[in-house]
Amino acid sequence: MNYRVEKDTLGKIKVPKNKLWGAHTERSLRHFRIGAPASMPYELIESFAIIKKAAATSNHKAGILSTNKKELIKQVCDEILNGKLNEHFPLVIWQTGSGTHTNMNCNEVIANRAKQLTKNDFTKDEIAVHPIDDVNKSQSSNDTFSAAMHIAAYTKIKNALIPVLNELKNTFSQKSQEFNSLVKIGRTHFMDAVPITLGQEFSAYAAQVEKGLNAIKNTLPDLQELPLGGTAVGTGLNTPPGFDAEVVNEIARQTGIPFKVAPNKFALIAAHDAFVHTHGAIKQLAVALLKIVNDIRVMVSGPRAGLSELKIPANEAGSSIMPGKVNPTQIEALSMVCTQVMGNDVCISVANSYGHFQLNVFKPIIIANFLQSATLLADACSSFNKNCLEGIEPNEEKIESYLNNSLMLVTALTPYIGYDDAAKIAKYAHKNNCSLKKAASRLDLISEKEFDKWIDPGKMTGPNVSVKKI
């Protein structure tokens, strides 16, 4: 491999000649060979490009950055945002907890690419863009990495997760309406309970998804706050007056997202409570989804030795040894994602607690876990919705069989004959393996005519129209 020599305050170091990073990035590459290469989420790199572009514009307006340097920095940032420079961001999550290495990676790539551009364009004089004095002007790794976390997280939720959750909620709502008149047996404690419609059951799922979606939306204002202009500890050292408002307004203009200056920059550099808050809502949704798909998992069990109340699409063969087997694979995939999200929530919570004094030093793992949760949940929910939920159908024969044989239909008799006599009928029917009607008749508690009048499974799915009065 051909090398060039780069230097920083520690001295000289060889860097691959065809790469745009500099000494700081190269040192990180050599000293942090931990995990997969280039594991820092690219969404964060894109957020840095947005910040560097906005900072260049703001510094130029403040009269501390030349027009030529501003234009070069903006041009390179646009190349990053268009995915043209992906290969030049090789760093891992497991680095300095402030994310300084990634900030410097961005600064160095922008500066070196700017140098290339001036050499390639003979109409321009070669301009020396310095990675710190120019690209990082009015900034620190501490406020820029924190701000990049907020931009990446908000954008991921807005553009990826929320649209998918709306689709999932709508599908559950549609299924609820479709199944609204189909009466089935309810279950509590995994035991037979009173009737419910399949539509009512699915309405609960739609409501849970909606609650989780709303919980996530309610946390977004905290992610809109950016600590830019706070520099190292939140004081704003080495920034021109008004830089914080100018740079955040520029980012809001670029992204179309109403980002705003953090009222207290110290808090957003020293801790990341917004991520605990928002990811807590994501975890709430994951918990709800795991409950939902576990219900569906049991209802589709079978087809002959399980409940088999629901039928799911047969997307692929389920076994390498058992011919004709179909498994609830979409449910299993979403379930695994939900458990990953729960694990990520613990990691984010613990990482956020390590905000010692003026700086949290677990920033990379917080944003990496957050983005993984949002990405996985969005992808898994979309897959489950399209490849399973939309194709779910009821097995009406099984549903009717379970309903008609349930002992808990006897509950409808309690307003007329009392709890104790109704229990006698249920216990007799169970012990003698006969229907409730036969049990009631043999015990001479009510007539068959009264039984038919008072037990109507469809009417048991709502409040009683008439109840025996004292």
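Which helix is V350 found in? V350 is found in helix 10. This is a predicted model. Its largest nonpolar core holds 102 residues, and helix 5 gives the most to that core. Three helix pairs, one strand pair and two partly exposed residues are also covered below.

**Nonpolar cores**

- The largest nonpolar core has 102 residues.
- Seven of its members touch the most other members: F172, F202, L223, I251, I296, L377 and F384.
- Helix 5, residues 141-178, gives 15 residues to this core, the most of any contributor.
- Another core lies apart from it, with 21 residues. Among them are I417, A422, A426 and A439.

**Contacts of F172**

- Leaving out residues up to four places away in sequence, F172 touches F202, Y205, A206 and V209.
- On the same count, F172 also touches I292, I296, F384 and L389.
- F202, I296 and F384 are partners of F172, and these three are also listed with F172 among the members that touch the most others.

**Helix 5 and helix 6**

- Helix 6 spans residues 198-223.
- The axes of helix 5 and helix 6 come within 9 Å. They cross at roughly 165°.
- An angle over 145 degrees counts as roughly antiparallel, so helix 5 and helix 6 are roughly antiparallel to each other.
- Helix 5 passes helix 6 in a left-handed crossing.

**Helix 9 and helix 10**

- Helix 9 covers residues 273-299, and helix 10 covers residues 329-352.
- Their axes come within 9 Å and cross at roughly 155°.
- That angle makes helix 9 roughly antiparallel to helix 10.
- The crossing of helix 9 past helix 10 is left-handed.

**Helix 1 and helix 4**

- Helix 1 runs over residues 23-31, and helix 4 over residues 100-120.
- The two axes come within 8 Å. Their crossing angle is roughly 140°.
- Helix 1 is therefore oblique to helix 4. Roughly antiparallel would need an angle over 145 degrees.
- Helix 1 passes helix 4 in a left-handed crossing.
- From helix 1, the contact is made by A23, H24, T25 and S28.
- From helix 4, the contact is made by T100, H101, M104, N105 and E108.

**Strands 1 and 2**

- Strand 1, residues 3-8, and strand 2, residues 11-16, run antiparallel.
- Six bridges join strand 1 to strand 2.
- A hairpin connects strand 1 to strand 2 through two residues.
- D8 stands opposite G11 in strand 2.
- E6 stands opposite I13 in strand 2.
- In a regular strand, side chains alternate between the two faces of the sheet.

**V350 and A245**

- V350, in helix 10, has a relative accessible area of 42%.
- Buried would need under 20% and exposed over 50%, so V350 is partly exposed.
- V350 and I366 are 16 residues apart along the chain. Their C-alpha atoms are separated by 9.4 Å.
- A245 lies in helix 7, residues 243-255.
- A245 counts as partly exposed because its relative accessibility is 32%.
- A245 and A204 are 41 residues apart along the chain. Their C-alpha atoms are separated by 45 Å.

Notes. Residues are numbered from 1 along each chain as its sequence is written. This is a predicted model: local features need pLDDT of at least 70, side-chain atom pairs count only at pLDDT 80 or more; totals for chains, interfaces and linings use all residues. Side-chain values use heavy atoms; hydrogens and water are left out. A nonpolar core is a set of buried Ala, Val, Leu, Ile, Met, Phe, Trp, Tyr and Cys residues joined through side-chain atoms within 4.5 Å. Buried means under 20% relative accessible area, exposed over 50%, partly exposed in between (1.4 Å probe, protein chains only). Helices (H or I, at least four residues) and strands (E, at least two) are DSSP runs, numbered from the N terminus. Contact means heavy atoms within 4.5 Å. Two strands pair if DSSP finds at least two bridges between them. Axes are lines fitted to C-alpha atoms, for helices over the stretch in contact, and angles run from 0 to 180 degrees between N-to-C directions. Angles under 35 degrees count as roughly parallel, over 145 as roughly antiparallel, 65 to 115 as roughly perpendicular and the rest as oblique. A crossing is left-handed if the near helix is turned anticlockwise from the far one by less than a right angle, and right-handed if clockwise.
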